[in-house]
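Trainee: I would like to go through this structure with you slowly, and to ask at each step what a term rests on.

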Amino acid sequence: MLHDRLLVEPEVDSSERQSTAGLVIPATAAGAKRLAWAQVVAKGEHVRQVAVGDRVLYDPEDRAEVDLGGTDYVLLRERDVHGVTETEDEGGATGLYL
């Protein structure tokens, strides 16, 4: 990877999802997503805030897709990342942080 680029593997979106109230929402009712999650596979030498293995939030409209070995990846600039999740190591029950 060069400069401030990230190679990420987008998370596969399930066709059906369930609301917090327990209602099943079929895939046909799903609208366009605004942001998507992905796992960082590789990073450039000038990337400062993101590490390999981090989960990042990005805009699916601003992306460049690449196929490597039959797997689809997305190529992003570090500035195109909207958020990075971190898990709390101290045993807290709060979950993920942005």
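Mentor: Let us begin with a pair of residues that face each other: V8 stands opposite V40 in β4. Please keep in mind throughout that this is a predicted model.

Trainee: What makes β1 and β4 a pair of strands?

Mentor: Two strands pair if at least two bridges are found between them, and five bridges join β1, residues 5-10, to β4, residues 36-43, so the two count as paired, and they run antiparallel. Another position along this pairing is E9, whose bridge partner in β4 is Q39.

Trainee: How do you know that β4 is also paired with β5?

Mentor: The reasoning is the one we have just used, with at least two bridges as the requirement: four bridges join β4 to β5, residues 55-58, and therefore these strands pair, again in the antiparallel sense. Within this pairing, A38 has V56 in β5 as its bridge partner.

Trainee: What makes β1 and β7 a pair?

Mentor: Four bridges lie between β1 and β7, and the requirement is at least two, so they pair, and their sense is antiparallel. As an example, the bridge partner of R5 in β7 is R77.

Trainee: How many helices and how many strands does the protein chain have?

Mentor: The protein chain has zero helices and nine strands, and its elements, read from the N terminus on, run β-β-β-β-β-β-β-β-β.

Trainee: Why is V74 called buried?

Mentor: V74, which has its place in strand β7, has a relative accessible area of 1%, and because buried means under 20%, V74 is buried. Leaving aside neighbours within four places in sequence, V74 is in contact with L6, L7, V8, P10, Y58, R63 and A64. The C-alpha atoms of V74 and V41 are 9.9 Å apart in space, while the two residues are 33 residues apart in sequence.

Trainee: Why is E86 called exposed?

Mentor: E86 is placed in strand β8, and its relative accessibility is 56%; the term exposed is used over 50%, so E86 counts as exposed. From E86 to V56 the C-alpha distance is 9.7 Å, with their positions 30 residues apart in sequence.

Trainee: Why is H3 called partly exposed?

Mentor: H3 belongs to the segment before β1, and its relative accessible area is 47%. Since partly exposed covers what falls between buried, under 20%, and exposed, over 50%, H3 is partly exposed. The backbone at H3 has a positive phi of about 55°, although H3 is not a glycine.

Trainee: What share of the protein chain is buried?

Mentor: Buried residues make up 23% of the 98 residues in the protein chain. The chain exposes about 7200 Å², of which carbon and sulfur atoms supply 48%.

Trainee: Which residues have the most contacts inside the largest nonpolar core?

Mentor: This core has 13 residues, and those with the most contacts inside it are L6, V8, V50 and V56. The elements that give two or more residues to this core are β1, β4, β5, β7, residues 71-77, and β8, residues 81-87, and β4 gives the most, with three residues. Turning to V8, its contacts, without its neighbours within four places in sequence, are A38, Q39, V40, V41, V56, Y73, V74 and L76.

Trainee: What makes you say that R55 sits over the ring of W37?

Mentor: R55 lies over the face of W37, at 4.3 Å from the ring centre, and the cut-off for a charge over a ring is within 6 Å of that centre, so this distance meets it. As for pairs of aromatic rings, a search of the whole structure finds zero.

Trainee: Where is D59, and which residues does D59 touch?

Mentor: D59 is in the loop between β5 and β6, residues 64-68 for the latter strand. Not counting residues up to four places away in sequence, D59 touches R34, L35 and H82. The C-alpha atoms of D59 and A36 are separated by 6.2 Å, and these residues are 23 residues apart along the chain.

How values were computed. Residues are numbered from 1 along each chain as its sequence is written. This is a predicted model: local features need pLDDT of at least 70, side-chain atom pairs count only at pLDDT 80 or more; totals for chains, interfaces and linings use all residues. Side-chain values use heavy atoms; hydrogens and water are left out. Buried means under 20% relative accessible area, exposed over 50%, partly exposed in between (1.4 Å probe, protein chains only). Accessible areas come from the Shrake-Rupley method with a 1.4 Å probe; for residues, only the protein chains shown count as cover. Rings of Phe, Tyr and Trp (its six-membered ring) pair if their centres lie within 6.5 Å; planes under 30 degrees apart count as stacked, over 60 as edge-to-face and the rest as tilted. A charge sits over a ring if NZ of Lys or CZ of Arg is within 6 Å of the ring centre and within 35 degrees of the ring normal. A nonpolar core is a set of buried Ala, Val, Leu, Ile, Met, Phe, Trp, Tyr and Cys residues joined through side-chain atoms within 4.5 Å. Contact means heavy atoms within 4.5 Å.
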